[in-house]
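Here's a short tour of one chain, strand by strand and core by core. Have the viewer open as you read.

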Amino acid sequence: MVKKRELIPGDLTDLLVVANRHTCCICRRPRHPVEKYQIDENPSNNEWNNVAVVCRNCRRLISAKGHLGARYAPGEVLRYKLDWEQRCAEAGEDDIDSPVEEIHETRTIEGDSHEIYVFEMDEGDELVFSIEASDPLDVVLYHEEDAEAWSDGEVDEEEKGEDDPLPAGYMHLTAFAECRERIFTAPEDGRYGLLLVNWDDESTEVTIDAAVWEVEE
Ligand SMILES: [Zn+2]
């Protein structure tokens, strides 16, 4: 069971992740999924200065409090956060590695339904994502053109992947509740869809973090 997390209502959620360049304020390694961490560990306190944007690894180091491996006191996390946000605010667009598209949200997917996120990508761009769901989901990543051909019945049997009803080249993950970090590199320019399918009758709460990073020069 995934721990339920409150989100900052409305646009503030996105703004906070954007203000941190979609990058962990502690280790500052770009191109990894991020999470939001309430510094006082009160999940309903979503004051700006109580929510730090961190990667999964640093999150584990913070919340190991009271155990071996605890590395950061609450005051330290806040200092990292404020320092990083200030640097991000002062830096120009290109001075710090930043994603060209990003999404970070928690939402409910009703039973027997799906959700699609579409990303414009150039050849070589990387889509880095992680998904946590309260109940298992299927995830399919596809090129929009392929999906049209496929739904129009234009993909013949030979082109389909082995043991998979989808054409080769799709990323297809079945029945998972937690997908940690996946990287998809666009084989060509185009629009790519990330499809989350809830086959179950019951609704599922999903937290998705995804960002498109341009190919590194
Ligand atoms: Zn980190």
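How many bridges join strand β3 to β8, and do the two run parallel or antiparallel? There are nine bridges between β3 (residues 101-109) and β8, and the strands run antiparallel. Keep in mind throughout that this is a predicted model.

## The overall layout

Let's step back to the whole chain. DSSP-style bookkeeping gives four helices and eight strands. Reading from the N terminus, the order of elements is α-β-β-α-α-β-β-β-α-β-β-β.

Of the 217 residues, 28% count as buried. The contacts reach a long way along the sequence: among those between residues at least 6 apart, 78% join residues at least 24 apart.

## β8 and its partners

Back to β8, which is a good place to park the camera. Nine of its ten residues are buried, so β8 is largely enclosed by the rest of the structure.

On the β3 side, I103 sits opposite A210 of β8. β8 also pairs with β5, again in the antiparallel sense, over eight bridges. In that pairing, V128 faces A211 of β8.

## Two nonpolar cores

Which residues have the most contacts inside the largest nonpolar core? They are L127, F129 and V206, in a core of 22 residues. Four strands each supply at least two residues of this core: β4 (113-121), β5 (126-143), β7 (190-198) and β8 (204-213). The largest share, eight residues, comes from β5.

V206 is worth clicking on. Leaving out residues up to four places away in sequence, V206 touches T106, R107, I109, I131, A133, L137 and L196. There's also a second, separate core of 19 residues, and C24, C55, C58 and W84 are among its members.

## A buried aspartate in a loop

Now for D125, which is found in the loop between β4 and β5. Is D125 buried or exposed? D125 is buried, because 20 other C-beta atoms lie within 10 Å, and 20 is the number at which a residue starts to count as buried.

Who are the neighbours? Again skipping residues up to four places away in sequence, D125 touches A186, V212, W213, E214 and V215. D125 and P187 are 62 residues apart along the chain, yet their C-alpha atoms are separated by 8.5 Å.

Key. Residues are numbered from 1 along each chain as its sequence is written. This is a predicted model: local features need pLDDT of at least 70, side-chain atom pairs count only at pLDDT 80 or more; totals for chains, interfaces and linings use all residues. A nonpolar core is a set of buried Ala, Val, Leu, Ile, Met, Phe, Trp, Tyr and Cys residues joined through C-beta atoms within 7 Å. A residue is buried if 20 or more other C-beta atoms lie within 10 Å of its own, exposed if 12 or fewer, and partly exposed in between; C-beta atoms are placed from the backbone. Two residues are in contact if their C-beta atoms, placed from the backbone, lie within 7 Å. Two strands pair if DSSP finds at least two bridges between them.
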